[in-house]
Amino acid sequence: MAKYLLLKHYRGAPASVNNVPMDRWTPEEISAHVQYMNDFAARLEETGEFVDGQALAPEGTWVRYDGEGRPPVTDGPFAETKDLIAGWMVIDVDGYERAVELAGELSAAPGAGGRPIHEWLEVRPFLTAPPTITE
Amino acid sequence: MNEVLLRSLTPNVLAILVRRGADFAAAEDAVQDALVEAVRVWPADPPRDPKGWLVTVAWRRFLDTTRADAARRRREDLVDEEPAPGPAPAVDDTLQLYFLCAHPSLTPSSAVALTLRAVGGLTTRQIAQAYLVPEATMAQRISRAKRTVSGVRFDQPGDVATVLRVLYLVFNEGYSGDVDLAAEAIRLTRRLAAAIDHPEVAGLLALMLLHHARRAARTAPDGSLVPLAEQDRGRWDTTLIAEGVEILQAALARDRLGEFQAQAAIAALHADAPTAEETDWVQIVEWYDELARLTDSPVVRLNRAVAVGEADGPRAGLAALAALDASLPRYAAVAAYLHERDGDLATAARLYAEAAQKAPNLTERDHLTRQAARLNTHRHR
């Protein structure tokens, strides 16, 4: 088994095919989208491939250490940040092909006009613990 | 076997062990072990005296553990002091346990976890599931909390207000899992109300009952949020409402108003309205004024602006809103609502979309996005 992170971006991914902001959909289209996402996660739980899924608020803060005895420096949020993560799903699957297949399904979630969004999702493998047998 | 009945015995049993001289942390571990044992043994072999059984098993477990420890001399003193077996004393030390678990030296998350385990009798696993953290994390949080209060004397009176804040947190931030945290919070608050005569305890209990009464109507079958005005009031639980109102009236009659009683009074006025249109918003504004005097909370002033908008019209609501800090959570959502009522749909749609961006949870975000979408759909047709 191998773990993969499916990343969804607010910004930074190539434009999706059906690229209409959500507040321009109809309320029914939004409901259909939410339902699709919930069903997708539920199906992965049933197949034993779901690990975790979380959504992130769009606004964050940059923080760094500023030396002994000083509070950390904070900055942001930066409006010009190129890459902004919206959320993720962690899956534990047999391999890369399955991860790509599932990301493809997730990207087919319906959007404006009830048509698939075709949004770009980023698939990233986890670095794992080393195997016991290496020769 | 009734798990809730079993859990309801937890605080008594724990208090008895502590009174016999066990330190709180060890006693609490022993009681957890006894509860696990009870779940295993009772279905086939139910005891005649459940509480006595738990005390005996927990005490034995405590002694075994102490025996294994280095503190040998202390253990022998305890064995000498062990009271003769017999029915457990009926005195309720539950109150002291509430105070200890909500001690001001604990962080809110620690106090919540400790209260659910030591007073509520939940297992670490159940609490971890409810708050969506790994079991090991929750176990560590609880054991650190126990260490923090280890020096606190069990017989010192505590502050009811800290206990109420903890119970409010359990009720209001109940997430998921097998355990219904809202129901658990109500159970614990009921028990507290039985142990101490205090109008704010009654106020909090009434507040919880009145909100719990609306639970079935609060979400649509697809999980989306149904705002108060659109809820099917036929689905509100009238038994809970009647109980909440009765408890609240008795508390208010004592003329020692506090924030929970005031909040409950607002919930009671909503419960009292057969339809959203018949809501007595003028009285609700008055209660928000009381609440603002009691708490000076900006969140209260924000909710008050909504009520003013209903009582005196959206322009008055917007004027009340203008006096507040725009960075308040849900400010944009309130502004959007008031602008919509005022007929400015373009501004309302823009503000709903902005509010969705700032929403603190997914349910609210989806709801606010739908509101923006609803207005945009109308405007572009």
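Select chain A and chain B together and look at where they meet: 14 residues of chain B are in contact with 12 residues of chain A, two residues being in contact if their C-beta atoms, placed from the backbone, lie within 7 Å. This is a predicted model, in which local features need pLDDT of at least 70 and side-chain atom pairs count only at pLDDT 80 or more, while totals for chains, interfaces and linings use all residues. Residues are numbered from 1 along each chain as its sequence is written, and chains are lettered from A and ligands numbered from 1 in the order in which they are written.

Next, select residues 345-358 and 362-379 of chain B. These are α20 and α21, the elements that give two or more residues to the side of chain B that touches chain A. Helices (H or I, at least four residues) and strands (E, at least two) are DSSP runs, numbered from the N terminus. The largest share of this side, nine residues, comes from α21(B).

Colour the side of chain B that touches chain A by class: five residues are nonpolar, five polar and four charged. Here Ala, Val, Leu, Ile, Met, Phe, Trp, Tyr, Cys and Pro count as nonpolar, Asp, Glu, Lys and Arg as charged, and the others, Gly among them, as polar.

Now display chain A alone. Its two helices and six strands follow the order β-α-β-β-β-β-α-β from the N terminus. The radius of gyration of chain A, taken over C-alpha atoms, is 18 Å, well over the 14 Å that the globule rule (2.2 Å times the number of residues to the power 0.38) gives for 135 residues, so chain A is more spread out than a compact globule. Finally, turn the C-alpha trace of chain A along its principal axes, where it spans about 55 × 55 × 25 Å.
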